[in-house]
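Biologist: Could you take me closely through one part of this model, the strand that carries an aromatic residue on the surface, and then set the charged pairs beside it?

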Amino acid sequence: MEQSPAPFSEIGRRARDLLTKDYNYDQKFTFSIPSSSGVGITATGVKKDQIFIGDISTQYKLGSTVVDIKVDTYSNVSTKVTLVDVFRSTKVSLGFNIPDHKSGKLDVQYLHQHAAINSSIGLNPSPLLELSAAIGSKDLALGGEIGFNTASSSFTKCNAGISFNKPDFSAALMLTDRGQAVRASYVHLVDPANGTEVGAEMVHRLSPYENSFSIGSAHKVDPLTSLKTRFSDNGKVAMLCQREWRPKSLITFSAEYDMKAKNSVPKLGLALALKP
């Protein structure tokens with residue numbers, strides 16, 4: 001449904017992507033093998049300091065059914081089975097981890113012309129319940145989410161937000177952290193020809209009383225190379241350079257420097273994504 005609102009989790013997404021997406025300060029390698037037969041394999045490795053963490057995941061598609069399986073270096077196995085259009089405009093997902101027998105979770109997503117509803121329930125004796133909804137249209141959406149832990153009889157989430165989106169700008173206002181913070185963000189497409197965008201996000205916390213902000217930009221040097229920058233009020237400055245050196249294969253260099261910290265050492269990261 002092209003005119004239906006996006007799920008609640010998408011409110012403010014454009015600003016978050018501008019300020020955080022693809023920034024990485026470790027060494028990361030990803031190798032993906034797509035397949036026209038419906039089976040795809042992806043291997044990922046990340047080196048953090050002297051520790052190497054990796055996983056191998058595969059995805060199998062058959063009609064309206066999608067099966068995702070991932071195995072990591074600690075022999076944990078994650079499985080997710082998704083049924084698309086099991087009912088009209090409804091998607092159902094069942095996920096679980098091995099050997100954690102209490103990790104089962106059932107997700108249901110329903111899309112309507114003027115609403116998007118997501119629900120989740122843990123498949124254990126004391127489940128975590130989550131529900132989010134957004135109403136409106138593709139351009140204007142209003143929504144909220146709640147999470148309830150039945151084991152402690154307490155709310156884990158209670159957030160609300162509104163967003164207004166157009167091709168050349170996006171604005172969002174959210175009440176987060178169970179009503180303890182107000183988050184406002186704005187992104188503007190300055191030059192569509194070279195993909196130049198600028199954006200900012202400001203957070204006002206009610207308890208304790210404090211404000212924080214980040215501003216960022218994105219620019220395409222050429223059709224294959226993009227640059228991003230970010231500055232935050234805590235003194236941290238970051239930049240990113242990404243190059244598509246072959247079709248669908250990316251190399252990304254990231255750096256961050258804390259101007260307020262004494263004897264600060266810049267954080268550097270390199271990510272390589274290969275897709276034949």
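What follows is a close look at one strand, its surroundings and the salt bridges.

Modeller: This is a predicted model, in which local features need pLDDT of at least 70 and side-chain atom pairs count only at pLDDT 80 or more, while totals for chains, interfaces and linings use all residues. Residues are numbered from 1 along each chain as its sequence is written, and side-chain values use heavy atoms, with hydrogens and water left out.

The part in question is strand β11, residues 154–166, where helices (H or I, at least four residues) and strands (E, at least two) are DSSP runs numbered from the N terminus. Phe-164 is found in this strand, and it counts as partly exposed because its relative accessibility is 35%; buried means under 20% relative accessible area, exposed over 50%, and partly exposed in between, with a 1.4 Å probe and protein chains only.

Phe-164 belongs to a nonpolar patch on the surface, which also includes Ile-135, Leu-140, Leu-142 and Ile-162, and the patch has about 740 Å² of accessible area together. Such patches are made of residues with over 30% relative accessible area and no salt bridge, like charges being joined within 9 Å and nonpolar side chains (Val, Leu, Ile, Met, Phe, Trp, Tyr) within 5 Å; the areas come from the Shrake-Rupley method with a 1.4 Å probe, and for residues only the protein chains shown count as cover. Strands β10 (140–149), β11 (154–166) and β12 (169–176) each supply at least two residues of the patch.

Phe-164 also takes part in ring contacts. Rings of Phe, Tyr and Trp (its six-membered ring) pair if their centres lie within 6.5 Å, planes under 30 degrees apart counting as stacked, over 60 as edge-to-face and the rest as tilted. By this rule the count comes to three aromatic pairs. One of them joins Phe-164 and Phe-169 in a tilted arrangement, with 5.6 Å centre to centre and 50 degrees between the planes. Phe-164 and Phe-169 form one aromatic cluster with Tyr-186.

Strand β11 holds a charged residue as well, Lys-166, which forms a salt bridge with Asp-139, the closest N and O atoms being 3.4 Å apart; a salt bridge is a side-chain nitrogen of Lys or Arg within 4 Å of a carboxyl oxygen of Asp or Glu. This pair links distant parts of the chain, with Lys-166 in strand β11 and Asp-139 in the loop between β9 (128–136) and β10, 27 residues apart. Lys-166 is partly exposed at a relative accessible area of 34%, and Asp-139 is partly exposed at 28%.

Beyond this strand, a search of the whole structure finds nine salt bridges. Among them, Arg-14 pairs with Glu-197, the closest N and O atoms being 3.0 Å apart. Arg-14 lies in helix α1 (residues 13–20) and Glu-197 in strand β14 (residues 196–206), so the pair ties together parts that are 183 residues apart in sequence. Arg-14 is partly exposed, at 23%, whereas Glu-197 counts as buried at 16% relative accessibility. The side chains of Arg-230 and Glu-256 also meet in a salt bridge, at 3.1 Å from N to O, and this pair links strand β16 (residues 225–232) with strand β18 (residues 249–258), the two residues being 26 apart along the chain. Both Arg-230 and Glu-256 are buried. Finally, Asp-177, Arg-205 and Glu-210 are linked in a network of salt bridges.
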